[in-house]
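Reader: I would like a close look at a single part of this model, followed outward into its surroundings. Please explain each term as you come to it.

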Amino acid sequence: MARSGGSVKGTEPATSTGNSYANSGEKRPLEPESDDPAPNSTGYKKPRLQERTDYTRWRMLDEKGRHTWHYLDDDEDAKEWPQTTADKYFLGLPTDLPDLPPAKTPLDAVKNGLGFFQHLQLPPGNWACEYGGPMFLLPGLVITWVVTETPIPDHIATEIKNYLFARANPDDGGWGLHIEGESTVFGTAMNYTVLRLVGVSEEDPRMIKARGTLHKMGGAQNGPHWTKFWLSVLGVCQWDIVNPVPPEFWLLPDWVPFAPWRWWIHMRMVFLPMSFVWSKRWSYKPTPLILQLREELFHESYSTVDWGAHRNSIYEKDNYHPKTWLLKLANWFLVNIYPYFRTESLAKSAEDWVFKLIQMEDKNTDFANLGPVNGPMNLLCCYIREGPNSYSVRRHRERMADFLWVKDEGMLMNGTNGVQSWDTAFLIQTVMDAGLAEDPKWRPMLTRALEFLDDQQIRENVDDQALCYRQQRKGAWAFSTRDQGYAVSDCISEALKAVLLLQRLPGYPKLLDDQRIFDAIDTLLTYQNKSGGCASYEPTRGSERLEMLNAAEVFGRIMIEYDYPECTTAVVTALSLFTKYYPDYRAADIKSFKGRAIEYIRNAQFPDGSWYGSWGICFTYASMFALESLASIGETYENSADVRQGCDFLISKQRVDGGWSESYRSCERSIYTEHPTGSQVVMTAWACIALLEANYPDRTPIEKGLKLIMSRQQPNGEWLQEAIEGVFNKSCMISYPNYKFIFPMKALGIFAKRYGDTALV
Ligand code: LAN
């Protein structure tokens, strides 16, 4: 869809592949407006901040799953491209969707839920949503924009400002690691800096308060490694404060037990560009604003800070994973001894190889990159290496728009470039579970969803797979889009289940032929670890002892891939479903895979009967997946002690109002902890699904849970946002706003199918 117009900001985003606009000269999201003065030696041009932008002018464009937001300044353009219901919903504007006949039965509630949710489906067939939560992503992007002299359009600066103020801690004015977390130096130093960079005055009372909080926590010199890295890039810290990130690690032979190719992909892909920038000790020039920030962020004057002495300083609330003695020793060696041996030619060959790997990552993702941390960093590396006008820099700049999201509170940066394939796969399964897929009313919606998954299946492995240490991916699905292209074990599983179920139904096209299904299975079968469990993006490549080199401080369990109950169980359910339809394909491999996976699932069960969730909060989430997978091999409450224990655990956590409630504290502490705001619709749905899958013999607790879910449904069929649902790396939370639709409908649907669709009394 080509949309153009002189005053349309951020229009005409890319077609998602190819070099098609390397030379087109057309305006792209986040590219300088023609009347913007060129950045000059006095520094980066400050955006003009407004109170608020006009929310009726924002539009979200979805091209084959690529989301970009656009601000239409011109009335004509706005008329030509009207706001959709989904736009309005995302922006928190009234959708004016009608009230529906009140739901009497569970299936009525599902139908009302779908009645609402169908309006949020986007033209390519997928669903989208805000994917915020982490509060450390936007700073990396904004600092990168500033240091690469990428002008920030006023409407974007304004809404970034609004979001950050909306999410400041109401008591102390600071920011945490994530939206529900307590203030930390990481959150506060970084987001304070962002606000200054987008043009907020240091005299603003909210900034004075935030600065006070930052100083109370010891100032930016007490920040974790990533704060020190980004502030050094900006020229606000000196590089001596940053613990070493030597690119030479990438020259280590593959057999070395701590070689980076063995690390969890998110860590190594961040370490990669970070090491390039560190090696160059590259910093932005000292503009007047940078000079001011130097005086604002530390609780002493910049000129008196002893940078080297603060390499290991850290505020206690930032210090989730304290540096080990081994890491401290390695850092000491790298700072004090290694420089004598680090010849220029060694540094150069390391930088050259690292940059090659960056280029492979850029090429393999068409500059979408693995995620919102390495994306901006790769942009910075290309800027340093290839210059401001290179194709790589221009394409990266365009791609940054993929991570941005606008909501009622302002603009934030998503945790990935979206949730497209993941949420779409779940929605299909939900409608199937409710037995509504053959109802002609939902057929067009589901057909489009199926078409989306068809389009998003990854059809080829990446070029130079072994050279850039990538995992086989042919036939797989990513969490977000095919362009991003990183296969994940459970994303493949959920999408495969959705496709297998739906395209066999009468009235639906068979879009994926058998070979494409087999490709998915072949890739899925590469994911098993020796333990029998499955990790996320790749089978585990290194020892858990590598956690001793975890230098990020703010996250736990980041250095390698681990076995995850959620991932393993999703693979098991997918394989179980697959063998139903294709009993002969790789039957022996699948049988042995499943046998070992089930063994792992049993071993991963906690003594109290629960499973610990690493990607959703927390025990409720993982227990749902575990009980679902056990059900898929015929284990239910009646015949399995493990299932009984799992159910008894869940029942013991049901609240008097019938709901379940878990706080993110469960993830941090590995102990079931209730959320202070009480029962949550999403967790109640997870628990009910688990009990239903396990065939829990007593309907009463399930009915109580479902009644709570139904009582929270709004007259127009929607559910409202409650506490945060997702997590990563034990300490950082992330929102899954579509879960409040998908899982309640799934729980209600399974119940209705199992027990009949009668009113709950
Ligand atoms: C995600 C989002 C999806 C998630 C599931 C598919 C739900 C999970 O079952 C497997 C792991 C995966 C793919 C996952 C891994 C880590 C991600 C990508 C995230 C939680 C979203 C954001 C996070 C990423 C690491 C954020 C950037 C932060 C760094 C520390 C680099």
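Author: Just after helix 21, Gly-634 takes a positive phi of about 90°; helices here are DSSP runs of H or I with at least four residues, strands are runs of E with at least two, and both are numbered from the N terminus. This is a predicted model, in which local features need pLDDT of at least 70 and side-chain atom pairs count only at pLDDT 80 or more, whereas totals for chains, interfaces and linings use all residues. Residues are numbered from 1 along each chain as its sequence is written, and side-chain values use heavy atoms, with hydrogens and water left out.

Helix 21 itself covers residues 619–632, and its 14 residues reach 20 Å from the first C-alpha to the last, close to the 20 Å expected at 1.5 Å a residue, where the expected span is 1.5 Å times one less than the number of residues. Twelve of those 14 residues are buried, so that the helix is mostly covered, because buried means under 20% relative accessible area, with exposed meaning over 50% and partly exposed in between, for a 1.4 Å probe and protein chains only. The buried set includes aromatic residues such as Phe-619, Tyr-621 and Phe-625, and also Thr-620, Ser-623, Glu-628 and Ser-629. On the side leading into the helix, Cys-618 sits in the loop between helix 20 (587–604) and helix 21, and the peptide bond that joins Ile-617 to Cys-618 is cis, with omega near -25°.

Helix 24 can be set beside this one. Its 13 residues should span 18 Å at 1.5 Å a residue, and the end C-alpha atoms are 18 Å apart, which agrees. In helix 24, 13 of 13 residues are buried, and the helix is followed by Asn-695, whose phi is positive, near 60°.

The largest nonpolar core has 250 residues, and those with the most contacts inside it are Phe-136, Val-142, Ile-160, Trp-226, Val-233, Leu-234 and Phe-555. Helix 24 (residues 681–693) gives this core its largest share, eleven residues. A nonpolar core here is a set of buried Ala, Val, Leu, Ile, Met, Phe, Trp, Tyr and Cys residues joined through side-chain atoms within 4.5 Å. Not counting residues up to four places away in sequence, Phe-555 touches ten residues that are listed by name, among them Phe-136, Leu-177, Trp-226, Tyr-320 and Phe-728, where contact means heavy atoms within 4.5 Å.

The ligand has 22 residues around it, of which Tyr-131, His-266, Phe-479, Asp-490 and Trp-615 come nearest; a residue is near a molecule or strand if one of its heavy atoms lies within 4 Å of it. A polar side-chain atom of Asp-490 lies 2.3 Å from an oxygen atom of the ligand. Taken alone, the ligand exposes 630 Å², of which the protein buries 99%; such areas come from the Shrake-Rupley method with a 1.4 Å probe, and for residues only the protein chains shown count as cover.

Thr-481 lies in the loop between helix 16 (443–456) and helix 17 (489–502), and it counts as buried because its relative accessibility is 6%. A polar contact of 3.2 Å joins the side chains of Thr-481 and Asn-417, the term meaning a pair of N or O atoms within 3.5 Å, of which, within protein, one must be able to donate a hydrogen and the other to accept it, while residues adjacent in sequence count only if both atoms are side-chain atoms. Apart from residues up to four places away in sequence, Thr-481 also touches Gly-65, Gln-420 and Gln-456. Within helix 17 is Ala-495, which counts as buried because its relative accessibility is 0%. Leaving aside neighbours within four places in sequence, Ala-495 is in contact with Ala-425, Leu-453 and Trp-477, and its C-alpha atom is 7.0 Å from that of Trp-422, 73 residues apart along the chain.

Positive phi values also occur at two residues that are not glycine. Lys-64 has a phi of about 45° and is placed in the loop between strand 2 (58–63) and strand 3 (66–72); it counts as partly exposed because its relative accessibility is 48%. Asn-369 has a phi of about 65° and lies in the loop between helix 12 (344–364) and helix 13 (374–386), but Asn-369 is buried, with a relative accessible area of 0%.
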